[in-house]
Each structure stands twice: as C-alpha cells, then as structure tokens.
Amino acid sequence: MSLVEHDPANRLWLLRTPESSYAFRLDAGDRPRHVHWGPPLTLSQATQVAARRNPADSSFDEPGDERQELPAEGGAFFGVAALAVRYEDGTSALEWRYDGFAIEDGTLVVRLVDRHYPLELSLHYRLRGDVVERWTSLRADQPVSLLRTDSAAWTLPRREGARLTRTSGAWSAEYGVLREPLPVGETTLTSRRGVSSHQVNPWVMLDAGDATETSGEVWSTALAWSGSWRITVEHTHTGRVTWTGGFGHENVAWQLRPGETWETPVFAGLYAADGFGGTSRRWHAYVREFVQPHPEELRPIVYNSWEATGWDVDERTETELAAAAAKLGAELFVMDDGWFGARTGDTAGLGDWTANEQRFPAGLRPLVDAVHAHGMKFGLWIEPEMVNPDSDLYRAHPDWVLHMANRERTTLRNQLVLNFARPDVADWAHQWLDRLVGEHGIDYLKWDMNRAFTEAGWPGGEAGRVWVDHVRAVHRILGRLRADHPTLRIQGCAGGGGRTDLGILARTDEIWASDNTDAADRITIQHGYGQVYPAGTMSAWVTDSPNPTTGREAPLSFRFHVAMAGVLGLGGDLPRWSAAELGEAASLVALYKEIRPVVQHGELYRLADPAKSALTAVQYVLAGEVVVFFWRRPTEFARPVTPPRLVGLAPAGRYRDQDGVVHDGAVLLSHGLDVDLPGSGYASAVVRLTRV
Ligand code: DGJ
C-alpha cells in the first residue's frame, strides 16, 4: 500500500500513517484546502469529506468549510496568514497556479506558482512513522519581502469542544503542563528571545476536551526550530480550530533574494486516538527513530562539577572530583564554566577560549589524561554564541555582536550575543571549536547559551536574517563538528531547558533539561519534558541536600530515584558527602546501569499526574522488562494516596520483581503494586519486573 495516494480527478492527496490519514486538495482557484486529519480514511472516503460544504456562508466569511493548507491573503480569507509577502509594487494578495507534484525521496512536494509574479511555493509532506512532517519552501527571480513564512497550518475535524495543552515556564521551572479550554479567538504562543525558550516550548496538543491520559483523540504538532517562533491557534465562533506555526515572531521580515530558496523548518504533526500517554509515546518513538543522531546508544553517567565548584575550577580541584566521580561509577566527567580566559566569574573572559593559565598551567591536557586514565570520557562546557564586553574578543571585535545603531547594547548576565548570522563570526566559532575538540581529545561538549536576544540588529546586514540565520549557523556548526569528529557527543543547554526542541535534538545527544536540580521540582519539570521528548535525551543530576538553588532537603535515595527516570548524572560536591552517602550512591549508580536500557530506550507510561497527586509514578517497558519509579512528595499525615495501577502489561503475563515475588499481570493492571512508602515526607521506590 502506497503511503501517498493521489486522486487526479478531484486533485486530492491522501497520506497514510499506520494509524491515521491526512488529506488535502486543490480548489477551483488552485488554492490548497485541508480535507482531513484524523482516523484512517481511504482515498474515496477522503473525497466524500472534500465534497461537503459549510451551509452557513455569508458575505462576511470565508465560503465553504475547508481551511487552507497554508493560509495566505487573497480572496475571501480573514484568518491568520501562514504566508504573507509584499511584492515590490505593493501587491500582497496571492493567487496560485498549480504547477504539478512529485514524490521525491519519500517526500510529497506540491508546487504552486504565483499567477502573475515570479514566486514559486512548494508544500512538503514527509511521513515518519506516525508523524506527518511538513515544511514550505519559496523561490523567486525578483526580490520579494517575506513578512511571514510559516512551515504549515493544521486543522482539526469538527468536534464538540476544543482544549489546548501546552507548556508554561521560566528559568529553572521549565515545561509546566497547562491544559485549558481553547478560547474563541486567536491564541498565540511565541518566543521572541532568539531561543525556543523556557517560557513555552514549541509544541501544542489539541483535543475536544474529552481526551485523558489513556484514551481519546489528540492532535499535536511540534516545531523543529531552536530560535524565535510563533504558533497561533484560531478557534472560530462556528467551532473551527486551525493553527499555523513557524520561525520568527511578529514584525520580523526577510528579503527573499533572487534565486535563493527559502526553506522553513519542519513542523511535525501527530494524530493519536489513545490519549495523551499514547501521544507522548508516539513522539518518543519518532524522536528516537527519526530525529536523534544516535538513538541506539545508551547515554553515559555524567559527573558535572558546576554545582560543586561554581566558578572555582582548577586542575587540582577538577582532578580530585574526577577521582571521586570515577569511584561512584561515573562514565563521563564534564568540567563546566570557569576554565578559560579571565572567566573567574560571570563578568569577564567569555569569548576567550584558551585555558586559564593560572588555573591550568600546563593547559587542559593533564586533566583530560587524568580523566581518561580513570576510564571516563572527558567533556567540556562551552558557550560559543556569547561574549563578555570585558574580553579580548570583544575588545578586538565590538561589531561582532547583535546591536543597533544609536542604541544601548543591553547586557544580560553581563554578556552580549555574537551575531552568528555573520559568516565570519560563525566561521571563527567553528574553527576554535574544531581545534579545541581535535587538539584535546574532547569526547563531549556541553553547548550552553545563557541569555535572550536584545537589540537584534545587524548594521550593514539584513536585521531580520539574524533571527533565522543565527540559528541556522548554530545548527550547521553542530552538524559539522559531529561530521568531523564522529565520536564527539553533545549536550544541548540554554540556562537549562531554554533551547529544547526537535531542531536541537537532531544535532545533540541529550538536553540539560533545567538548572533546577531539586528533585521535588524536577518531578514536574520531567513530567513536562516527557510530553514530547524521550527520557533517553533528558539529562538529570543528583546534587546536594539542601539543594543549592531551592534550599530544600530530600533523602539521597529520593534524589537518585528522580534522576534515574532520565539520563542519570551526578553533580554534588562529592568530597562533602559522607562515607555512607557515597556507598549508597555507588550502589544506586550500579542499579541504574542495570535498568538503563529500559529507562532510556523503553516506552514511558505516566501513572499519575504530579499536579494532582503527591504520589507520582512512571513506568518504563522494554520487551519483557519493566521499571517503575514511585515518588511521594511531603503530604498531610494519614492522607491516603491511591496506588497507581500499572499499564502496558500482558494481563495473562506473570512478572517477577527484584525480590523474587511473582505478580500476575492482571493484578498489576487492576490493583498496581503494593509499595511501602513510610511516613508523610519524601519517600520513593524503584521496582523492577521481568516477565517470566
Ligand atoms: C547554565 C547551565 O545551565 C549551568 O548548568 C551551568 O553550565 C552554567 N550555565 C554555567 O555558567
């Protein structure tokens, strides 16, 4: 069965994923019209949908019931434009002529050309498992102003009710899940910060208000873009729900140069009929199979020295920490900020990427060798896109930063943003990174980015390009480094989870999900992260108690059990840990190594919502292996907590736990596990089950 079918008579295309269909057609004016996105339909069934008409036409509305595939000004259209252009004579309405279609490398490309002006538009559709990837490209022989070029617009079939799920957050409080009725009108989610942002992650989930964790229809889309973006969801009085999304935010425009192909990032869409849990598992499968560079690998256990040392890094301290980390079973040692130039605090040295001579008199090599001698890989923190004004780099190249004529250069965290849209700046960054990795045998980079864009101008260049070309350059440099150093692995970070998206996940191996390492907060953060992104990409460290950021105390086992639900790492001040703590930590690291394949590569089931219950649990299943984490945050004494039931098991199957007790699948599915979580404070447990 072909995945893409075409009905030439009705000028309709049908795309089929294993469990859904997507259809669109061309109307009489060659305008692409959305037909269907949802449960599987055949080509002739999709044609029946296309034949329907909205009875409630008026001279104040768009006629018919179908929405546009890429809404644009022109004709009776009054919604949010996904594509907005200005030709040199001021014309902005678009009128298309169909120019054929092709299926190239599994991608359906439908070509349209403007009836009068030399603008070509291509709509791209690619099926990746359950996901439909969409993007747009434009080309012209004459300059055209591009005011908005979204990747795709999506339309829901008519349903009773509409609800929007998305994240809301801040630095150290990323990915808070919000699920609210969708108001009638236009709801815009956006980042104007130059990164995908802590505040709202670039994905949305829509349902009719009736989906649950385990049932119901959910339509979701995620943007593969690591810079500013905008998604606008429109809910009309008549009940239609459409949304459009792409890179850039309002008032950012670009000049399409003659002969240039302008390509948008992928906006990926997924329909699932089995609730929010099924939606997340499908996204995880998609990320593993089609996005991550090395999904087959198990991520190593990192020790990162940032919370232990702050800025006070030197060869002796780092070497001692590396020895302590190795004893616990760490497999990768990462030296964080403070190792280079005059960077002994956040006010100076950023941009001067040679080892600080007082701190590392013989350069980095002795530390790298010591780490390797422990059998660990060596990783290094970098922040290539930034500069402190108090640095040799800025003194030499004050024009390399984003700035505007006659305006202040706003510093945030005492730093300015280098303009990577400039080819000379991007080349400089690539060269020193390439040299650093090659000369020092660096196995891993933590690529950080610690401030939002301001005064994002480019005197002498095209300012609007900054928002797009800076990000493209970051993506390109990551790609080149990976290609030239095939064993190099990279962690994406932007003050924690400020740049978590499908675009960065395609070029990194894991994400530092948050600077907040407090295990109690982390349960919420990890719950939100996992809505779209898999646990095998989510780096999580065990740090000290009281937590340096929040001041909260929690038992070591609780902190471990929370971090073990992702890619376990260590970040505590180990020399201050007691012998008992170090012993317990070593055995928990050893346990993690045993369960790691199930956590990092298994299917995730959320058993309880941390916003609703003090007791939260997540379950991972890989073939016949099951791992369940239970976390109980402090609650009122004697308040009963409902033991979550397990899911995703065979009712007729039998499962042996780590103590040798055998449980029937049917009992686990209907009554859950009997775990002992004493008291009313922090308590946690990890249960391993093997199908027998
Ligand atoms: C922000 C990161 O998220 C932290 O983990 C740490 O690397 C600091 N930057 C260092 O400046």
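Helix α2 supplies three residues to the lining of the largest pocket, the largest share of any element. This is a predicted model, so everything below is a reading of computed coordinates. The pocket has a volume of about 680 Å³ and is lined by 26 residues. Nearest its centre sit E213, R606, L607, A608 and D609. Besides α2 (275-291), the elements giving two or more residues to this lining are β13 (173-181), α10 (519-529) and β32 (603-606). Sorted by class, the pocket lining has twelve nonpolar, six polar and eight charged residues.

Now for the enclosed spaces. The model has eight cavities of 30 Å³ or more, and the largest of them has a volume of about 160 Å³. Which residues come closest to the centre of that largest cavity? They are Q526, H527, L604, V618 and Y620, out of 18 lining residues. Two or more lining residues come from each of α10, β32 and β33 (615-622). As for class, this lining has twelve nonpolar, five polar and one charged residues.

Here are the two spaces side by side.

| Space | Volume | Lining residues | Lining by class |
|---|---|---|---|
| Largest pocket | about 680 Å³ | 26 | twelve nonpolar, six polar, eight charged |
| Largest cavity | about 160 Å³ | 18 | twelve nonpolar, five polar, one charged |

Elements α10 and β32 turn up in both lists: they line the largest pocket and they line the largest cavity.

On to the annotations. UniProt, in an unreviewed entry, lists D448 and D515 as "active site". The two span 68 residues in sequence, yet their C-alpha atoms are no more than 11.5 Å apart, so they gather at one spot. D448 itself lies in the loop between β27 (444-447) and α8 (465-484).

The unreviewed UniProt entry also places a domain, "Glycosyl hydrolase family 36 C-terminal", at residues 617-689. Over that stretch the chain is 10% helix and 38% strand, and the C-alpha atoms at its ends are 15 Å apart.

Next, a helix pair. Two packed helices are described by the angle between their axes and the distance between the axes. How do α4 and α5 run, roughly parallel or roughly perpendicular? The axes of α4 (residues 315-328) and α5 (residues 365-373) come within 10 Å and cross at roughly 10°, and the pair is therefore roughly parallel. On the α4 side, the contact is made by E315, E318, T319 and A322; α5 answers with P366, L367, A370 and V371. By class, that contact has five nonpolar, one polar and two charged residues.

Finally, a couple of backbone oddities, both in loops. Where is the cis peptide bond, and which residues does it join? A cis bond joins S545 and P546, with omega at about 0°. P546 is in the loop between β30 (538-542) and α11 (556-563). The other spot is D30, which has a positive phi of about 65° although it is not a glycine. D30 is placed in the loop between β3 (20-26) and β4 (32-38).

Technical notes: Residues numbered from 1 in each chain as written. Predicted model: local features only at pLDDT ≥ 70, side-chain atom pairs only at ≥ 80, totals over all residues. Heavy atoms only, no water. UniProt positions renumbered as here; feature names shortened; annotations may be inferred. Helix = DSSP H or I, 4+ residues; strand = E, 2+ residues; numbered from the N terminus. Axes fitted to C-alpha atoms, helices over the stretch in contact; angles between N-to-C directions. Parallel < 35°, antiparallel > 145°, perpendicular 65-115°, else oblique. Contact = heavy atoms within 4.5 Å. Nonpolar A, V, L, I, M, F, W, Y, C, P; charged D, E, K, R; others polar. 1 Å grid on protein atoms, 1.4 Å probe; cavity = no way out; pocket = protein on both sides within 12 Å on 5 of 7 lines; lining within 4 Å. Points joined across faces, edges and corners; volume = space filled by probe spheres on them.
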